[in-house]
Amino acid sequence: MTHTFAAQLNSLLAALILLSAFALLAQRKIMGLVHIFAWQGLLLSLSTAVIGYASGEHHLYISSLLTLGMKVILLPYILYKLVHKLKIHRDIEAVVNVPTTMLLGIILVVFSYHLTAPIRELSNLMTRSTLAVALATIMLGMLMMVTRRHAVTQILGFLAMENGLFFAATSATYGMPMVVELGVALDLLIAAFIFGIFFFHINTTFESLDVEQMAKLKETD
Amino acid sequence: MSLHPFVIELLQFALLLGLAPAFAGWVKVLKCRVQGRTAPGILQPYRDIRRLFGKDIVLAENASWLFRFTPYLTFGVTAIAAGIIPLISVDLPLSATADVIALVMLFGIVRFFTALAGMDIGTAFGGMGSSREMTIASLAEPAMLMAIFTVSLASNSTSLTQMVSVMAHSEFVIRPSLAFALAAFILIALAETGRIPVDNPATHLELTMIHEAMILEYSGRHLALIEWAGMMKLTLFFALGIAAFCPWGIATGGDTGLLLLALVALAAKLVVGACIMVLIETGLAKLRIFRLPEFLGSAFLLATLGMIAFFILE
Amino acid sequence: MPAALDIAGFSVLLLLVLAVAAPLFRPVRTLQITLVFSLAAVASLAAVVAGVMTVADGSVASAAMTLGLPGLPFHLRLDPLAGFFLVVIGLMGFFVSIYSIGYVKGYGGQRSMTQMICFYTLFLAGMLLVVLADDAYFFLVAWELMAAASYFLVMYEDEKGENRRAAFLYLLIAHVGALAILLAFGVMAGQSGRPVFDGYTFDAMRTAQLTPGWAAAAFFLAFFGFAAKAGVIPLHVWLPEAHPVAPSNISALMSGVMLKTSIYGICRFAFDFIKEFPWWWGGIVLVLGLISAVMGVLYALMQHDLKRLLAYHSVENIGIILIGLGLSMIFAAFHLPTLAALALVAALYHTLNHAVFKGLLFMGAGAVLHATHERNMEEMGGLIHRMPWTAPLFLVGCVSISALPPFNGFVSEWLTFQAFLLSPSLPHPLLKLLIPLGAAMLALTGALAAACFVKVFGVVFLGQWRGHQKRERIHEVGPSMRAGMLLASISCLLLGIFPTWVIGWLDTIPEQLCGGRLAESAGKFGWMWLTPIAHGRASYSGPMVFIGILAVVAVTWLLLHARATSSRRVPIWDCGFARLTPRMQYTASAFSMPIRRVLGFLFAVREQVEVVPHTNHPSLPGSLQYRLRIRDRFWNWLYVPQGDAAYWIARQVGKLQQGRIQIYLLYSFVTLIVLLVFLG
């Protein structure tokens, strides 16, 4: 595998990660969302491995394996169990309709391209062009959290944002130091457990996971 | 031995006119096999067309000249389009008649007049078909243009011969932009040629038909021409996809050996393409008409992502 | 051979003489109409000749007249840009004048013909003078002449309250626009650094050195003024009100030609006066053009009044022209002259094309109105059988405006697409990504326009007659109206088939305005092949498409008719109902329903379904009533608040009116004292 080929492969993977971020915005079914999230994790893990190979930074292989374990197997499994336990299979309602969200998404991508332009000029890493995609993934995750009403989609949005951050780290500086990465992974795991516990409580209190219900907590009126 | 470009042009006309029904038949056979039905045989479309040509025409009392003229125009315009897309050789003199945008507009003429013919008799079905067809076309158009734009970025051209030569002779590069554009193109092609999940070519169920509703009043040779043009259009969309995304194997000149090789490559690609389409058609159910904006919206999204990917990543 | 400027002057003079002399022929009505409109056609043809000559040789001629104010004579100038617009005005003036002979006779003895004729000729003269004027003063005089004449023409059928309201709205917005243009000229003249009156000549404005801030102020004031005249969204509200109520020959001129004078104004300001501008000016023009194009066609789709629908299409097409202009300005700002030339040629070509096909469509609508006395499409249908001439000619207009080859609308939209496709050569990364989205919106516009014209032609001319009056009473219109439409449709076809010649002819304009040429590369492979930038980039051959389609259709037809298969005429298959009635057809509202559902959030749509119970059995439904109301959101957003504010102020001022003489005397007394205080 030559260096340029690895760069091209990485571009393709970046493009697919971007696509999966849009797929998360478009998908209506919760199980579908979990599947897409797992795919995104897989793409991320592959991309990390490719960058590791091409740059010769071998600690990225460990990151790649960690991503594979956490984001492709463990977290989706936890979410899968959660969805089954809470018996939520219905379509999720969005606050803003899907085509409009998509258009907003496209604008965000263009915006992140514009934001990362100066960094692209400065950097000489082979992954510098994927930085825009990483930033866009973060923004799209945020957009997903804003436009969706269901609590599970909120955590998926959060996890997608984390994916974006991780991707940004690998593209900008060939990954964070190992200690930090391990810490983040552990944090994520704990966050997922805490979310799970919260979901149970929210569900028993409101008999729904629609976050709009929480507006009832407001004291006025 | 080398053939004159005009001979190749004529050859291509003959090829598309002659083989489009066979291709449509092949799609039908495949679909039957996949769905576990008995297949009618690959030559059935020829028999259908021959039968229709032999039949008398039954016209409604108030059918106007436009209704009788439309089948000829449909056939004529589709035939012109057949001379433009390079199939077996890049050296195609009439290919410069229209670039991709003009080609899309040529299909637009067919649609315009078919929709008008649907409204000519004054039945409710015709109007319904026309209205839906024009709506779908309107929503598909931006996605189509975006896909064209993305493809044209790579070759710096919208001229088909130029696109084919650039694609066929550049070394292998992974281009995410083209992958996205291809995905978008497949969705659009399904919509433009009226296949599942957008329209069902086999249905005559009143509430779901779109294209069939417009041509419901046609009979005899008029219907034969429309059906034939429809088969050509299906083949042409495949040819367009092949030309824009995987033209490998196409001949550059008029050399007979290379032409034969190109013909074999084309046939293989068509066979594979038909398999993909049949799998899509079998795997998906027809969408509700008001789900279509999302379907075509995703085509637009894919094409736009392709364009963005070109600028960001390539 | 006389100079082009002389011919143009002759044309204007003839029109003015006609306006003055028309009342003399009043006793002989038929002679009056025939003579005046024939001579107006001659005058228009003279303008075309002058314009064609000027554009062809790229000459510039100017003259100062002895008319005008002391120390401020009127200046005339004929350069290629003005020449091109002379052609647009003259060509449509020619077609419409011929058409008018028959159309105006159709009014019979009901109205004053002299009023129509005088204002018609003044209107044409005003438009020609707007293009010819070479100083701000003369320009505004001509501009107001054009506006006033068209106001009286919109008011022509003034017994209807609707018409008076529309004409007033038109006059109001026209004047707000004129005011902005006046201010723009003021800014230019003030900054030109010349002595007071010299600054008002266009020559002074060409050489003026403006600071970027003042240049932007001048341009955007002028743009606002011209946009109000052109009906750019959100200043479009007068257009769908005024165009439908005017007589159809006037609608054809207003929509086809008068709107174009504002395109002329924008070109003049941007490319001729200011020349150096930042790219975001073009960006704003482009974005407004895109909004106008998409919203215009969507509003048009929702209409079922034939002329109102066509008026909204004018908003759309002005949008398309502005898209070309905006792109051209962006390319020019980045100093890419060839690309700027391509976009400018696309815009100008579309200007000419839109004039021809929109004129044709309005003439066709006039013919339909003439025959059926009906503007509501829901009351028409099947006219193709009763109007064998109008139907195919109107169809040509429909195909042209839907941008389908081989007709003219396609060529200019195709050129605009090519300009879009060249945006990757811009050095600005953000523009590279955003401009292609504009191309997608243009594609959406084109496809929606096609849907809209399938609806128009399908509902008006095809199917069965829906109206109340007897179908047999509808007759084809007279020869002069047919001739006008026929000439326009032939131009549509020729402009579509021979774009290379047109671009070759136009070449002097981009050369003078943005320093780039196109003809050399566009016509490199002969008149058959149009290759705007390079043949490897894109190519189109109008003649090949036309001849090819014609040939295949003819061959197929002949082959199939060589063998005898009979055709039978039978009643329509009615699906087992007792009888298929015309009311079972798809209506115009039904046709646009899917698009209304999908994109309805852009309008204020109100649908009401009311079930009226059966008289004998109240539990059963007797009849259904469906009401649909679609309103322009801009009306509520922008105009209603302003109207309310105006009323509020008027009410406050109205309190002064007390009706008692003592109070009025007190007002005078107080005024006197206040004045004395100030003077003292």
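Here is a short conversation about a predicted model with chains A, B and C.

Visitor: How many helices does chain A have?
Guide: Read along the sequence, chain A runs α-α-α-α-α-α-α. There are 0 strands. The helix count for chain A is 7.

Visitor: What is the radius of gyration of chain A, and what would a compact globule have?
Guide: Chain A has 221 residues. A compact globule with that many residues would have a radius of gyration near 17 Å. The value for chain A agrees with this: 18 Å.

Visitor: What percentage of the residues of chain A count as buried?
Guide: Buried means under 20% relative accessible area. The accessible surface of chain A comes to about 10600 Å², and carbon and sulfur atoms hold 70% of that surface. Of the 221 residues of chain A, the buried share is 52%.

Visitor: How far apart are the mean positions of the positive and negative charges of chain A?
Guide: Chain A carries 13 positive charges and 12 negative ones. Take the mean position of each set. The two means are separated by 8 Å.

Visitor: Where does the strand of chain B fall in the order of elements?
Guide: Chain B has 11 helices and 1 strand. From the N terminus, the order is α-α-β-α-α-α-α-α-α-α-α-α. The β comes right after the opening α-α.

Visitor: What is the radius of gyration of chain B?
Guide: The C-alpha trace of chain B spans about 60 × 45 × 40 Å along its principal axes. With 314 residues, a compact globule would come near 20 Å. Chain B agrees, with a radius of gyration of 19 Å.

Visitor: Among contacts in chain B between residues at least 6 apart in sequence, what percentage join residues at least 24 apart?
Guide: A contact means heavy atoms within 4.5 Å. Count the contacts in chain B between residues at least 6 apart in sequence. The share joining residues at least 24 apart is 80%.

Visitor: Is helix H9 of chain B largely enclosed or largely open, and how many of its residues are buried?
Guide: Helix H9 of chain B covers residues 220-245. Its 26 residues should span 38 Å at 1.5 Å a residue, and its end C-alpha atoms are indeed 38 Å apart. H9(B) is largely enclosed by the rest of the structure, because its buried residues number 23 of the 26.

Visitor: Is Glu281(B) buried or exposed?
Guide: Glu281(B) lies in helix H10 of chain B, residues 256-283. Its relative accessible area is 2%. The cut-off for buried is under 20%, so Glu281(B) is buried.

Visitor: Which residues does Glu281(B) contact, leaving aside its neighbours within four places in sequence?
Guide: Contact here means heavy atoms within 4.5 Å. Neighbours within four places in sequence are set aside. The partners of Glu281(B) are then Lys31(B), Arg195(B), Ile196(B) and Pro201(B).

Visitor: Which residue does a cis peptide bond join to Ile196(B)?
Guide: Ile196(B) is one of the contacts of Glu281(B). The omega of its cis bond is about 10 degrees. The partner sits in the loop between helix H7 (176-192) and helix H8 (211-214) of chain B. That partner is Pro197(B).

Visitor: In chain C, which residue does a cis peptide bond join to Ile233(C)?
Guide: Omega is about 10 degrees for this bond. The partner's place is in the loop between helix H8 (212-230) and helix H9 (239-245) of chain C. The residue is Pro234(C).

Visitor: Is Asn156(B) buried or exposed?
Guide: Asn156(B) lies in the loop between helix H5 (124-155) and helix H6 (160-169) of chain B. It has a positive phi of about 60 degrees, although it is not a glycine. With a relative accessibility of 51%, Asn156(B) counts as exposed.

Visitor: What is the relative accessible area of Lys275(C)?
Guide: Lys275(C) is in the loop between helix H10 (248-274) and H11 of chain C. Its phi is positive, about 65 degrees, although it is not a glycine. Lys275(C) is partly exposed, with a relative accessible area of 43%.

Visitor: How many residues of H11(C) are buried?
Guide: Helix H11 of chain C covers residues 279-302. Its end C-alpha atoms are 35 Å apart, which agrees with the 34 Å that its 24 residues should span. H11(C) is largely enclosed by the rest of the structure, since its buried residues number 18 of the 24.

Note on methods: Residues numbered from 1 in each chain as written. Chains lettered and ligands numbered in written order. Predicted model: local features only at pLDDT ≥ 70, side-chain atom pairs only at ≥ 80, totals over all residues. Heavy atoms only, no water. Helix = DSSP H or I, 4+ residues; strand = E, 2+ residues; numbered from the N terminus. Rg over C-alpha atoms; globule rule 2.2 N^0.38 Å. Expected span 1.5 Å × (residues − 1). Buried < 20%, exposed > 50% of the residue type's maximum accessible area, 1.4 Å probe, protein only. Areas by Shrake-Rupley, 256 points an atom, 1.4 Å probe, with all protein chains shown as cover. Lys, Arg positive; Asp, Glu negative; His and termini not counted. Charge placed at Lys NZ, Arg CZ, Asp CG, Glu CD.
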